[in-house]
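Please open the model in your viewer and keep the sequence panel beside it, with residue selection switched on. The stops below can be followed in order, each beginning with something to select.

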Amino acid sequence: MSLNRRWKIGIVQVFATSIALVVLLASAGAGFAGTKAQLQKKASPIKTGVSQPAFDNEIHLISPPAVNRDQQGGYTFIVFGDTRTAQDDSKKEDLIFHKIRNSTHFEVKGELDQLASFAVYTGDLIWRGSNNGYWQQIRDQFPASLRSTSSPRIFPVIGNHESWQQGGEGDAMANYFGTFPNLAQNGVQFHNYAFVIGNSLFVNLCSGGYGSDPQKFEEDDKAWNCEKVESFDKLMQSLGTLYGQLTYRGRKLSNIFVTYHKPSYSTFEHPPLNTGNDPLQTLLGFKKENPALKIFVFNGHNHVTELFRPTPGVFALVAGGGGAPQKAGIPVDNHGKPMQELFWPAVGSDRYRRINFFRASVGPSDESVSIEERVFCANDDFAVLDYFKGVVIDKDGSVSYKGSRKYDCGFDQYLYLFQ
């Protein structure tokens, strides 16, 4: 593998009809060990001590990350999300997902060390935002050098789990912004922000979470209800103003990459945003004005991978397969917002529980974009568990499976290796 970080599997016993295997997690587990109690013990509370404005309707323009361009002038970045743990990992499957999400974090860090310039995160890094122990895991796994104010390389959005506040614990947003201090200026927290690299605009938005009434969770799913955003319309006005400034007097803008947690389209458990609360509708207006513009929306929330193309040159990717527990057997439902799904037809199989992240490549002068799935699989002879090439959105907009179909990439296919 290009990054040479493999999960070795040792043969411990051989029978005529079966081979018993044990996964040696030494490499992936390095730096990720520690029980919840240990994490709580070494965690320290995060405080800002700065009064925050009642609302934050502005999309704040921040300094872009440094970009390592290849010999052709292009660069890569990572898209990943929904790597939170379960509440207490009391179920065996949840504990296994926890180990795999650690491996995803380890792999993404490796990509940042060797290949990628930065990463965007689609939300839900932790189980509960007000519990600093969960945040300590993130600070342990992604060192301060990747989250510093001077040279940040991880750019997250706030998901419903980051904003989850429980009485008797710390402040969820103080924990979040304490972990990502580059997303605040003079102590004032940026819930919505953007940066520009060349002819590409990157926008990260807070879409909100849930209220206190479980009976309204489905309604909350469809709403843009970030508590710091006074109104969705004002936020979209800010996006329109930013777009206008960047395209003023014919300035070229080739790509817009927009990340927010709740999906614009999804056929899985959580319904997509209502059309009236969906930034994609504003983005499609930009596309109508500038037909050459390429738009990529990155979402999470549903622990699944899905891909939609509302119009040529516009993609909406649900990148929720980072390692948070995934449910099996949920019926496909477009929730009254139909759109053809492209990811699973490219895989060529029915849906299954699949762990992955994505490597996006921006070409010279930002003229082309391709996105490659990196999927967690066992290779042909089950000698190695690693992240392999899977589905690819090519620079011409085509979607196809570029990996080996011999690999076993379903969670249930290699589940027994962790028993």
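**First stop: a salt bridge between two loops**

Begin by selecting K252, which counts as partly exposed because its relative accessibility is 43%. As you look around its side chain, bear in mind that this is a predicted model. Add E367 to the selection: the two residues form a salt bridge in which the closest N and O atoms are 2.5 Å apart. Since K252 lies in the loop between α7 and β11, and E367 in the loop between β15 (356-362) and β16 (369-378), the pair ties together parts that are 115 residues apart in sequence. E367, like its partner, is partly exposed, with a relative accessible area of 42%. This is one of 15 salt bridges found in a search of the whole structure.

**Second stop: the nonpolar core**

Next, select F77, F118, L201, L205, I256, L283 and F298, which are the residues with the most contacts inside the largest nonpolar core, a set of 105 residues. Helix α7 (residues 232-246) gives the most to this core, contributing 7 residues. Which residues surround I256, once its neighbours within four places in sequence are left aside? Displaying its contacts brings up L201, Y243, L283, F286, L293, K294, I295 and F296.

**Third stop: helix α8**

Two of those contacts of I256, L283 and F286, lead on to helix α8 (residues 279-289), where P279, L280, L283, F286 and K287 are the buried residues. Turn the view until you look down the axis of α8: its buried residues fall within an arc of 105 degrees, so they line one face of the helix. Colour K288 and E289 separately, as these are exposed on the other side of α8. To see what the buried residues of α8 pack against, show α7 together with the strands β11 (255-259), β12 (294-299), β13 (305-311) and β14 (314-319).

Then move to the N-terminal end of α8, which is capped by D278, a side-chain oxygen lying 2.9 Å from the backbone nitrogen of L280. Keep D278 selected and add K337, because the side chains of K337 and D278 meet in a salt bridge with an N to O distance of 2.8 Å. K337 lies in the loop between β14 and α9 (343-347), while D278 lies in the loop between β11 and α8, so the pair ties together parts that are 59 residues apart in sequence. Are these two residues buried or exposed? Both K337 and D278 are buried.

**Fourth stop: charged residues around strand β16**

Now select E373 and R354, which form a salt bridge whose closest N and O atoms are 2.8 Å apart. The pair links distant parts of the chain, with E373 in strand β16 and R354 in the loop between α9 and β15, 19 residues apart. E373 counts as buried at 0% relative accessibility, and R354 is buried as well, with a relative accessible area of 1%.

From here, extend the selection to E111, R359, E372 and R374, which are joined into one network by salt bridges that share partners. Within this group, E372 lies in strand β16 and, at 15% relative accessibility, counts as buried. A polar contact of 2.6 Å joins the side chains of E372 and R374. Leaving aside neighbours within four places in sequence, E372 is in contact with F357, F358, R359, K389, V391 and V392.

**Last stop: the disulfides**

To finish, display the cysteine sulfur atoms; a search of the whole structure finds 2 disulfides. Select C377 and C409, whose sulfur atoms are 1.8 Å apart. The torsion about their S-S bond is about 95 degrees, so this disulfide is right-handed. Because C377 lies in strand β16 and C409 in the loop between β18 (399-401) and α10 (411-414), the pair ties together parts that are 32 residues apart in sequence. C377 is buried, with a relative accessible area of 0%, and C409 is also buried, at 3%.

The other pair to select is C206 and C226, which form a disulfide with their sulfur atoms 2.2 Å apart. This pair links distant parts of the chain, C206 being in the loop between β10 (200-204) and α6 (217-222) and C226 in the loop between α6 and α7, 20 residues apart. With 95 degrees about the S-S bond, the link of C206 and C226 is right-handed. When the bonded cysteines of the protein chain are numbered in sequence order, the pairing reads 1-2, 3-4.

Notes. Residues numbered from 1 in each chain as written. Predicted model: local features only at pLDDT ≥ 70, side-chain atom pairs only at ≥ 80, totals over all residues. Heavy atoms only, no water. Core = buried A, V, L, I, M, F, W, Y, C linked by side-chain atoms within 4.5 Å. Buried < 20%, exposed > 50% of the residue type's maximum accessible area, 1.4 Å probe, protein only. Helix = DSSP H or I, 4+ residues; strand = E, 2+ residues; numbered from the N terminus. Contact = heavy atoms within 4.5 Å. Arc of directions from axis to C-beta. Polar contact = N/O pair within 3.5 Å; in protein donor to acceptor, adjacent residues only side chain to side chain. Salt bridge = Lys/Arg side-chain N within 4 Å of Asp/Glu carboxyl O. Disulfide = S-S within 2.5 Å.
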